[in-house]
Amino acid sequence: MGAWDITCKDLKLLLRDRRALVLLLLLPLLFIAILGMSTGQFLTKEDGPSRYRVAVVDEDGSELSSHVIANLKKHGQISLEDYPSRAAAEEALKKQETSALLAIGPAFEEKVDELTLRDMFGREQGALADGPEAVHITMQVGPSVGDGELIRYFLFGEIYRTIFPVVARRNTIMRPYLPREEDESEASSVTEATPEPPVPTEPVKKASNENPVYRFLVPGFTVMFVFFLINIMARSFIAERDLGTLRRLRLAPISPVAVLVGKTLPFYLASVLQTSLLFLSGRILFQMSWGPEPIYLIPVILCTSAAATSLGLLLAAWVQTDQQVSAYGTSMVLILGGVSGCFIPRAWLPDLMKQLSLATPHAWALRAFDAVLAKDAVDSIQVHDYCFVLLLFAAAFFVGGWWRFRQAI
Amino acid sequence: MSLLEAIHLRKSYGSHLAVADVSFALNAGEVLGLLGPNGAGKSTTMMMIAGLLPPDSGQVLLDGEVFDTRLPVLRRELGVVPQDLAIYPELTAWENLRFFGRLYGLRGSDLQGRCRELLEQTGLLDAAQRPAREYSGGMKRRLNFAVALLHRPRVLILDEPTVGVDPQSRSHLLDCVRSVAAAGVGVIYASHYMEEVESLCKRVAIIDHGRMLAFDTIEHLLSGLSADLHLSVSGGGVNGQLTGLARVESGGDGRTTVVIPGDRPDRSEVLQTVLARLKDSGVIVERIETQQSNLERLFLQLTGRGLRD
């Protein structure tokens, strides 16, 4: 009961500490929002063409050109936007409102009808040697796009894939081996409802309006700010000692372990609440996806909070003054956050850094969140393993803090 | 049987011997004064009694049994009012009392009633809903005192509870101590304010350099104290001619007093010598009187006038 009384008292004090509430809740949200808005374009560049907006103009207006556009729209890698005229599309390209322009000329279907199987199989020698212009397709890429050739190659590849069965069907030998035209038209009539399974380099499923950058920013900064809790926790212990109330707690008929648990528990609860609110905010404000099985977020949040509050106990056991809390605590949070991948995606870290980061609880928390948020299916064993490591960190920190406090309490 | 006994307590901090040998006994309903200069070992002694410091040797008995404060049930027998405030400034008086009361096992209406009782006793009921950081120094001291009494301890230790407190709050606190003692609680009262100790305590223990210098009733201790002789003088110059015989005190009003210590066995001869030398120096002795014995004089006589760190 003594431990719970101390917990309730400290929760009351924490809720009355506006600075702590700002640090725990508002500041991480601010960081996430600012970084998400200012660096979202940069951080999602490694997703490749899925970032690119392509203005499409259909001057042909044929069934075939519609079929090509419909197939292109099914891809999650690009975002196709219809423009009424080539001039409008070129204007958008000039203003960088779009990354590339794809114009299907008025003779597109006619040119495709002229293609033979030889042209399809021998692209470098046949009618398609001139590229998309041979079928009256024009592509332009904006000046700010670095990998323009890649986009052209991708677009033409997709167009080629669409027109190949049309050309091949004219050949009586090939015809039996091709899907029926009705099957193809059924598939292409579904414009946006069921996109093809994407062929990306990383298995990512996006919510309809989600900017995938928040799938990194929210967990990254949540983990960092959860560990910022150690500063507040250490200050609470120092305050208890400086106020003289620690002596009263020692005089009271409660065990030293109860005092430690009572002092640690409010910060654990605050940490769980903080993480939950940040993820909820990520969902509501930034349309962040919680992954295919959000239930797995619960153990990850609980174990991350355990590691953070135990580290807070260890810090509190060693520092003596507020200045030491600021110096050691803040440095620890920033260094561990930087090393572990809270500031930039772990995938971008050098291999050595990735290995070193595994000595931090932050890295394991980030891996656990990634396993829940960024995969098509959650590997429960993997999540279990990551949580187990976080609990090991928590146990080690708690034992270290308890051993040190034993001398003081 | 005494309520509490400290028997040959000893404590060192490394090579520094803080408490060499301290023994005393406290009766129920008694206020025992604990006096000593800074660094004498008072606080160390009180911490050993309270169980905050394990003694190197010696023991503390409660009702004749070893007082092992590691046992929670025995901690309920003891209340401590520390010298430094030990309350939460961001909590109200009610919240402070409820929190500490719960730690001592008080619940529900018992807790509520006890908190109200103490708030009334310490004159804090009207301010009880305000955070303690808004209180005056005296109010904080009274709250500090109230916290120690929540669980109705049988032994109460007060370590300079009236430091920095206005006279009204001090008077109120002293009345509270008297009423607590009247209820049968044994009180150990440590203070540098001699008049407080004289007004509260029948018996005092005087400690210096970790040793007990005196432990008896004030009356008995003072009866053995010889009075100083005070000579009010004027004219001439009182310089070094009295060195080793008497001390010279200059009053704020420009008057000079020559003091012959009462503990000198040859006081009569010294008086004659001093009078002769003063006459030779042209100093006029206006008045001779004896200084009334009091606790402060006794304390200074036992511990000396030298400054302590």
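User: At about what angle to strand 4 of chain A does helix 7 (residues 148-168) of chain A run?

Analyst: In this predicted model, helix 7 of chain A lies across strand 1, strand 3 and strand 4 of chain A. Helices (H or I, at least four residues) and strands (E, at least two) are DSSP runs numbered from the N terminus. Axes are lines fitted to C-alpha atoms, for helices over the stretch in contact, with angles from 0 to 180 degrees between N-to-C directions; two residues are in contact if their C-beta atoms, placed from the backbone, lie within 7 Å. Helix 7 runs to strand 4 of chain A at about 155°.

User: What pLDDT do local features need in this model?

Analyst: Residues are numbered from 1 along each chain as its sequence is written, while chains are lettered from A and ligands numbered from 1 in the order in which they are written. Totals for chains, interfaces and linings use all residues, side-chain atom pairs count only at pLDDT 80 or more, and local features need pLDDT of at least 70.

User: Which strands of chain A stand at the edges of the sheet?

Analyst: The sheet is open, has 4 strands in the order 2-1-3-4 and shows mixed pairing, two strands being paired if DSSP finds at least two bridges between them. An edge strand has a single partner strand, so one side of it is left without a neighbour in the sheet. In chain A these are strand 2 (78-82) and strand 4 (137-141).

User: Which residue in strand 4 of chain A is the bridge partner of Ala103(A)?

Analyst: Strand 3 (residues 100-104) and strand 4 of chain A pair in the antiparallel sense over 5 bridges. The partner of Ala103(A) is Thr138(A).

User: Which strands of chain B does helix 9 (residues 267-280) touch?

Analyst: An open sheet of chain B has 4 strands in the order 12-13-11-14, with antiparallel pairing. Its edge strands, strand 12 (247-250) and strand 14 (284-290), pair on one side only. Helix 9 packs on this sheet at about 150° to strand 13 (256-260) of chain B, and touches strand 11, strand 13 and strand 14 of chain B.

User: Which element gives the largest share of the side of chain B that touches chain A?

Analyst: On that interface, 18 residues of chain B are in contact with 15 residues of chain A. Helix 2 (72-75) and helix 3 (93-103) of chain B are the elements giving two or more residues to chain B's side. The largest share, 4 residues, comes from helix 3 of chain B.
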